[in-house]
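Please open the structure in your viewer and keep the selection panel at hand, since this tour moves from one selection to the next and says what is found at each stop.

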Amino acid sequence: MTALFDTHAHLHDSAFADDRDAALARARAAGVSRILTVGTDPQSAHDAIALAAAHPDVWAAVGIHPHDAATADGAALATIATLARAPRVVAVGEIGLDYYRNLSPRPAQLDALRAQLALAREVGKPVLLHCREAHADLLALLEAEGVAAVGGIMHCFSGDLEVARRALALGLLVSIAGPVTYPNARRLAEVVRAVGLDALVVETDCPYLPPQPWRGQRNEPAYLPATAARVAELCGVPAAEVARRTTENACRRLGVPRPAGA
Ligand SMILES: [Zn+2]
Ligand SMILES: [Zn+2]
C-alpha cells in the first residue's frame, strides 16, 4: 500500500499526552508514513518542532491561529518568525480567518494573517490556511498579498466549488479532512470530484474532526485511510492511486522527500 501523508495534525497536542508514541505506531501500521504537525501559537509551535525533531516521519508548521489572533503581538510574531526558519519547519500555519467562532476580533485576525503571509514570503515557505465562513475576505487578502509566490494548502476545506476554483487559481492545494466521510457532505463531495487528484491532499486535523466511524471520539492519524478511501470512491480510482497522488502533491508543495519510486 502506498503511504499516506497526513498534511494537518496536532499530534503534539495534550490530547496525545498519554499515548503519543502508540498513536504514531498505529499511524505507521495504517500506512500513514508522513505527518505534518501544526502549531497554533508560540508554545504549540515549539512543541510541534520538538516532536518533528524526535521523529524522522514528522515535520512541523508554525503560526498563530485566527482564534489566537488577539495574542499576536510583536513578541509573539517575532517568536513565530524565528521558529519559521527552523530546518524541519516546512510551512507557516496554521493561519487564516474564522468568522464562525470569532474567538478573536476580525481586525486582529486580518492583521495577524497579513503579517504571517509576509513572513511566509520572507522565509519562502508555503502557508497552511484555516478558513471558516470567511472565504470572501480570505481570498481577497490572499490575492492582494500575492500568496501564489509561496503557495499553500487550504486546510480542512469547507468552501464551495467557486471558492475551490479561486484557490486553485492562486496555486493552492485543497485539503480534505474527515467531514468528507459524513453522510451530509454533498458540497464537499462535489468539490473533491471537481478538483481531482491534481490538487488534492488529505489530512486528519486530529484530535478534531474524526471520520464517520469514530465520530464523537478523539481523532488520530491512523484514521486517515478512511478519509482517503472516501476520496477514492468520489474520484472513481483505487485507494492506492489517491495515496500516491496526494502524497506526491503534499511532498512537492512542502518540500518533503517523496517515497522511493514515487
Ligand atoms: Zn484549522
Ligand atoms: Zn488545525
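Begin by selecting N102, which lies in the loop between β4 and α4 (106–123). Bear in mind throughout that the model on the screen is a predicted one. At this position the backbone has a positive phi of about 50°, although N102 is not a glycine. Most residues other than glycine have a negative phi, and most peptide bonds are trans.

**Two cis peptide bonds**

The second half of that remark leads to the next selection, G93 together with E94, for these two residues are joined by a cis peptide bond whose omega is about 10°. E94 belongs to strand β4, and that strand covers residues 89–98. Then move along the chain to C206 and P207, where the peptide bond is again cis, this time with omega near 15°. P207 is placed in the loop that runs between β8 (200–202) and α8 (224–235).

**From α2 to α3**

Now show helix α2, residues 42–54, together with helix α3, residues 74–83, and look at the way they pack, at an angle of about 15° and with their axes 10 Å apart. Because an angle under 35 degrees counts as roughly parallel, α2 and α3 are described as roughly parallel to each other. Their crossing is left-handed. To see the residues that meet here, select P42, A45, H46 and I49 on the α2 side, and A76, T79, I80 and L83 on the α3 side. Sorted by class, this contact of α2 with α3 holds six nonpolar and two polar residues, and no charged ones.

**From α3 to α4**

Keep α3 in view and add α4, whose axis comes within 11 Å of the axis of α3 and crosses it at roughly 25°. This pair, α3 and α4, is therefore also roughly parallel, but the crossing of α3 and α4 is right-handed. The residues to select are L77, I80 and A81 in α3, which meet A115, Q116 and L119 in α4. The contact of α3 with α4 divides into five nonpolar residues, one polar residue and no charged residues. I80 is worth a second look, as it takes part in the contact with α2 and also in the contact with α4.

**From α7 to α8**

Hide those helices and show α7 and α8 instead, which pack at an angle of about 65° with their axes 9 Å apart. α7 and α8 are therefore roughly perpendicular to each other, and their crossing is right-handed. Select A189, V192 and R193 in α7, and then V231, L234 and C235 in α8, to display the residues that meet between the two helices. By class, the contact of α7 with α8 is made of five nonpolar residues and one charged residue, with no polar ones.

**The largest pocket**

Turn next to the empty space in the model. Rolling a probe the size of a water molecule over the atoms shows where empty space is left. The largest pocket holds about 780 Å³ of space. Among the 34 residues that line this pocket, select H130, R132, C156, D205 and L209, which are the closest to its centre. At least two lining residues come from each of α2, β4, β5 (127–132) and α7 (186–195), so that several of the elements already visited can be shown again around this pocket. The lining of the largest pocket comprises ten nonpolar, 13 polar and eleven charged residues.

**The cavity**

How many cavities of 30 Å³ or more does a search of the whole structure find? The search finds one, and the largest cavity contains about 30 Å³ of space. To frame it, select L129, C131, H135, M154, H155, C156, F157 and S158, which line the largest cavity. Five of these lining residues are nonpolar and three are polar, while none is charged. End the tour on C156, which is part of the lining of this cavity and is also one of the residues closest to the centre of the largest pocket.

Key: Residues numbered from 1 in each chain as written. Chains lettered and ligands numbered in written order. Predicted model: local features only at pLDDT ≥ 70, side-chain atom pairs only at ≥ 80, totals over all residues. Heavy atoms only, no water. Axes fitted to C-alpha atoms, helices over the stretch in contact; angles between N-to-C directions. Helix = DSSP H or I, 4+ residues; strand = E, 2+ residues; numbered from the N terminus. Parallel < 35°, antiparallel > 145°, perpendicular 65-115°, else oblique. Left-handed = near helix turned anticlockwise from the far one by under 90°. Contact = heavy atoms within 4.5 Å. Nonpolar A, V, L, I, M, F, W, Y, C, P; charged D, E, K, R; others polar. 1 Å grid on protein atoms, 1.4 Å probe; cavity = no way out; pocket = protein on both sides within 12 Å on 5 of 7 lines; lining within 4 Å. Points joined across faces, edges and corners; volume = space filled by probe spheres on them.
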